[in-house]
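Me: I am new to this structure and would like a close look at one part of it. Please take a single packing of two helices, describe how they meet, and then place it in its wider setting.

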Amino acid sequence: MSLFKLALASLLSRKSNALLTIFAIAISVTLLLGVERVSQETRSGFANTISGTDLIVGARSGSVNLLLYSVFHIGNPTNNISWQTYQHWDQSRHIAWTVPIALGDSVRGFPVVGTDQRYFEHFRYGRQQPLQFAAGQPFHIGDAVIGAEVARRLGLSTGDDLVVAHGTGSVSFHEHDDHPLVISGVLERTGTPVDQAVYVHLRDLDMMHGGHAHEPEGDAEHAHDHDHEHADMPPIPGISAFLVGLESRPRAIFLQRELNTYRAEPLTAIMPGTTLQELWRTLSGFERALTVVSAFVLLTGLIGMLTTLLASLRERRREMAVLRSIGAGPRRIFALLISEAIALTIAGMLLGVALLYGLMFALAPWIQQAFGVVVSIGGLTTPEFARLGVVLVAGFLISLIPAWRAYRNSLTDGLSMRI
Amino acid sequence: MTDFSVSVRDLAYTWRGQSKPTLNIDTLTIQHGERIILRGPSGSGKSTLLSLLAGVHDVQDGELHVLGKSLKTMSQSQRDRYRADHMGYIFQQFNLLPFLTVQQNVLLAVEFSRARRERLEKAGVNASQESERLLTSLGIHNQLWHKPASELSVGQQQRVAAARALIGAPEILIADEPTSALDADARDNFLALLKEECGRHNITLIFVTHDASLASHFDRIIELQSINKVALEVHS
């Protein structure tokens, strides 16, 4: 029987203490890795959400707020931009394209984005990937396009009817059921908030809210045919935000200033990348705080192990004397205690990693639902291994204390069994 | 010197933090294969002498030879190995690791000592066979071999401890009041088995006891009081 096996057998005889110690270490390991993992995953998830858009413009508000509601559909726009202002900038020099976005409604908890065909043309995510249709095609007036997750969770496909509710709650008492839409297309999965949204035409959105309701709707043919001819007649009085693509990227900073100082209406223009950075700066303080907290939790776990091992030494003096009597030297006793602590630490680490993966599998759907960000569950990364290494080293260092104590005890006690 | 199993000359030991020695013996010799009782009241330096014999503590003054080798010149780890190889030790009680099985407890002594392994090899038996033979001859039924040691009675535990001390035939067996927790029947039975096993391999038996009725089983009684000069001073 090797020393390590002996240590294990001894630990097993003190099962409840050992299990509690392992659990304490496991929880701290889960926290320590989880903080790192969640922040990395959200970071890359968020960074992949939008690309190719040079500026996002909304009514005057905080830049992070604008980014959150326009791209992630988190929170609400503070104010609208008038259609006239939007038109002004749409036709401005240097601007290659714009995409209008109007928010505020929902379909059973999924946000409704009022926009037009340009969304499918210009929106890019990840590495400049355009939106693809899994089925169907972009909407015309009276249609809706749904994201992959909406289709999956609501069990909808092309040709189905859709009723939009007022407000963004999952339960709404005011449904626009006088204006049902037909699903014209389902988008390919992107792993971004796009999957969680329903896309409708601005004009439909307006009609749901009573705009142009007095107009005879006429036949659908008429609406389709003249879709583009109403340019002078706004499809909707105001929009929440618009995405801007420039002819030359370096101009973004100048145009941003122009937009921010526009006199006719107070606007906020942001560069998505910069604002994401800003968001991370806000979050990184939080992340650091969490890391510090989890480091302390680890320390608590290890002190728990220290306490358990030290307390066990008192009741194990007989065990030590027996080992001494059959020839175990003080160094062997020292190594035995170290082995025990290492076994506890490693078991704690393994359980901690298992807990981490369990949590990720459990939480990934929730994160996707809440933030539209897909958490990919991969193997352990190098920084995570580094953190595990720190745990192991810390466990080893802590174990030196009881090991040294046992070493001293076995020297002074010798073969006498002081109880 | 090599004639003796144990030989002591002018051995003195002072515990740390004490001004006077606990033990001070001019001469003491024990022959190979001799069965002796070591007797003395508490405070007579008995456990100090046992610790020194077992090589747990340094020899400070004088000479202590065990099987012809001076323990004084050995390092702590050399003495630990020497004890593992050449001495069996039985405590008053709690000899076994409760979380190991009976047989694992016995085999532990072999795993800690290469010399014991080699002796078994030379005799042409493997360790687990020998442990089974010893357990059987000490009256431990094979149904108990794979039970946790904690499930045994005190008497059974002492016999398992004897099996562990004896496996691989060490030259010396030190038993520190091994029968004090046993009733008279169990004690006589234990002693008979111990004597028999020691006789097989000519093992020197150093047996600590207060029980005068056991004297007939032994070659000689050493009264520690009469050889420890420190004790003499105290008691005279």
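Reply: What follows describes one pair of helices in chain B, then the contact between the chains and the domains of chain A.

The model is predicted. The pair consists of helix H3 of chain B, residues 102–111, and helix H5 of chain B, residues 127–137. Their axes lie 10 Å apart, and the helices pack at an angle of about 125°. Because angles of 65 to 115 degrees count as roughly perpendicular and those over 145 as roughly antiparallel, H3(B) is oblique to H5(B). The crossing of the two, H3(B) and H5(B), is right-handed.

On the H3(B) side, the contact is made by Gln103(B), Val106(B), Leu107(B) and Val110(B). H5(B) contributes Ala127(B), Ser128(B), Ser131(B), Leu134(B) and Leu135(B). By class, the residues of this contact between H3(B) and H5(B) comprise 6 nonpolar and 3 polar, with no charged ones.

Next comes the contact between the chains. Chain A gives 20 residues to it and chain B gives 27. On the side of chain A that touches chain B, the elements giving two or more residues are helix H1 (3–13), helix H11 (317–325) and helix H12 (330–371) of chain A. H11(A) supplies the largest share of that side, 5 residues. The side of chain A that touches chain B has 9 nonpolar, 7 polar and 4 charged residues.

Chain A itself is assigned two stretches of domain 1, 3–46 and 283–413, together with domain 2 at 55–270. Taken over C-alpha atoms, the centres of domain 1 and domain 2 of chain A are separated by 50 Å.

Terms used
Residues are numbered from 1 along each chain as its sequence is written. Chains are lettered from A and ligands numbered from 1 in the order in which they are written. This is a predicted model: local features need pLDDT of at least 70, side-chain atom pairs count only at pLDDT 80 or more; totals for chains, interfaces and linings use all residues. Axes are lines fitted to C-alpha atoms, for helices over the stretch in contact, and angles run from 0 to 180 degrees between N-to-C directions. Helices (H or I, at least four residues) and strands (E, at least two) are DSSP runs, numbered from the N terminus. Angles under 35 degrees count as roughly parallel, over 145 as roughly antiparallel, 65 to 115 as roughly perpendicular and the rest as oblique. A crossing is left-handed if the near helix is turned anticlockwise from the far one by less than a right angle, and right-handed if clockwise. Two residues are in contact if their C-beta atoms, placed from the backbone, lie within 7 Å. Ala, Val, Leu, Ile, Met, Phe, Trp, Tyr, Cys and Pro count as nonpolar, Asp, Glu, Lys and Arg as charged, and the others, Gly among them, as polar. Domain bounds come from an automatic or database domain assignment.
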